[in-house]
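Notebook open, structure loaded. I'm jotting down what I look up as I go.

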Amino acid sequence: MDSPVLLLVLNLAGTFVFGLSGGLAAVRARLDLVGVIVLATVVGLAGGVVRDVLIGTPPATFRDWRYLAAAAAGGLVCNVAGRVLERFERSILVFDALGLGLVCVTGATKGLQFGLGPVQAILLGATSGIGGGMLRDLLLRQVPTVLREGLYAIPALLGATVLVVAQSLGDTGPVYAVVGAVVCVVVRLVGLKYDVNLPAPASAPNPVEPGTGG
């Protein structure tokens with residue numbers, strides 16, 4: 001993706017949408033205004049921080065005020081209109097899917113720009129994509145979605161793969177960045193709609209109580 005403007009726009013959009021995801025989760029957890037904005041900001045910035053730390057560069061989210069503003073704006077929107085957003089079924093998961101799609105392609109793009117190989121760039125894109133959702137769940141004392149639902153990391157990997165394969169074949173235009181994000185979002189939302197998950201291990205048998213035999 002040769003367009004730095006498009007990359008910035010996608011990064012800011014992903015930050016804002018993940019801010020909405022974190023802010024709405026905070027509203028549902030009945031946090032106050034400060035809690036909503038803090039959670040939105042932390043979740044919105046997490047993916048970019050993870051990405052930049054892994055490639056060894058100072059996080060862009062700390063060097064450009066627009067990232068902080070985008071994440072905080074997501075929190076403010078949720079604080080003002082959170083009750084309205086809550087009426088839409090699975091709204092947190094929808095915003096999370098949008099953020100996942102945007103961040104996975106920008107993470108993969110930045111990995112390629114810093115000289116990572118295709119596989120490493122794909123993994124970086126997926127890791128930066130799931131970072132915000134994982135941190136949101138951990139701060140709210142929930143098992144991270146990525147560990148509970150099979151179609152969370154996989155859509156991020158697919159979206160990043162579309163971008164990386166296109167660029168590896170010489171197409172560095174913006175089209176495949178958008179296509180990769182759309183693929184990620186669609187696969188994630190289809191998985192949610194039809195409750196598609198990877199096979200889970202069989203439940204462990206109940207432990208035998210001492211002295212009961214068996």
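Before anything else, a convention: the helices I name are DSSP runs of H or I with at least four residues, numbered from the N terminus. I also keep in mind that this is a predicted model.

**Helix α2**

I started with α2, which covers residues 33-54 and has 22 residues. From first C-alpha to last I get a reach of 32 Å, close to the 32 Å expected at 1.5 Å a residue. I still find a kink in α2, about 40° and centred on Ala-46. At the start of the helix, I see a side-chain oxygen of Asp-32 reaching to within 3.3 Å of the backbone nitrogen of Val-34. Just after α2 comes Gly-56, and I note its positive phi of about 75°.

**Positive phi without glycine**

Most residues other than glycine have a negative phi. I therefore wrote down two arginines.
- Arg-30 has a positive phi of about 60° although it is not a glycine. I place Arg-30 in the loop between α1 and α2.
- Arg-141 also shows a positive phi of about 60°, again without being a glycine. I find Arg-141 in the loop between α6 and α7, the latter being 145-148.

Are these arginines buried or exposed? Arg-30 has a relative accessible area of 56%, so I count Arg-30 as exposed, the cut-off being over 50%. Arg-141 is at 81% relative accessibility, so Arg-141 counts as exposed too.

**Inside α5**

Next I looked at two residues of α5, the helix of residues 91-113. Leu-100 sits in α5, and so does Asp-96.

Asp-96 counts as buried because its relative accessibility is 0%. Which residues does Asp-96 touch, leaving out those up to four places away in sequence? I list Phe-18, Ser-21, Gly-133, Arg-136 and Tyr-152.

Leu-100 is likewise at 0% relative accessibility, so I log Leu-100 as buried. With the same neighbours left out, Leu-100 touches Phe-18, Gly-129, Ile-130, Tyr-152, Pro-155, Ala-156 and Cys-184. Phe-18 and Tyr-152 turn up in both contact lists. I also checked Leu-100 against Gly-133: they are 33 residues apart in sequence, and their C-alpha atoms are 8.3 Å apart in space.

**Nonpolar cores**

Where does Leu-100 belong in the packing? I find Leu-100 in the largest nonpolar core, which has 34 residues. Leu-100 is among those with the most contacts inside this core, along with Leu-24, Cys-78, Phe-95, Leu-163 and Val-164. The elements giving two or more residues to this core are α1 (4-28), α2, α4 (65-86), α5, α6 (118-139), α8 (153-168) and α9 (175-193). I then spotted a second, separate core of six residues, including Ala-60, Tyr-67, Ala-70 and Ala-71.

I followed up Val-164 as well. Setting aside neighbours within four places in sequence, Val-164 is in contact with Ala-108, Leu-112, Pro-118, Ala-121 and Ile-122.

**Record versus model**

Last, I looked at the UniProt entry, which is unreviewed. Under "transmembrane region" the record lists residues 6-26, 33-55, 67-85, 92-109, 121-139, 151-169 and 175-191. I checked two of these spans in the model.
- Residues 6-26 are 100% helix and 0% strand, with the end C-alpha atoms 30 Å apart.
- Residues 121-139 are also 100% helix and 0% strand, and here I get 27 Å between the end C-alpha atoms.

Key. Residues are numbered from 1 along each chain as its sequence is written. This is a predicted model: local features need pLDDT of at least 70, side-chain atom pairs count only at pLDDT 80 or more; totals for chains, interfaces and linings use all residues. Side-chain values use heavy atoms; hydrogens and water are left out. Buried means under 20% relative accessible area, exposed over 50%, partly exposed in between (1.4 Å probe, protein chains only). Contact means heavy atoms within 4.5 Å. The expected span of a helix is 1.5 Å times one less than its number of residues. The bend at a residue is the angle between axes fitted to the seven residues ending there and the seven starting there. A polar contact is a pair of N or O atoms within 3.5 Å; within protein, one must be able to donate a hydrogen and the other to accept it, and residues adjacent in sequence count only if both atoms are side-chain atoms. UniProt positions are given in the numbering used here, feature names are shortened, and annotations may be inferred rather than shown by experiment. A nonpolar core is a set of buried Ala, Val, Leu, Ile, Met, Phe, Trp, Tyr and Cys residues joined through side-chain atoms within 4.5 Å.
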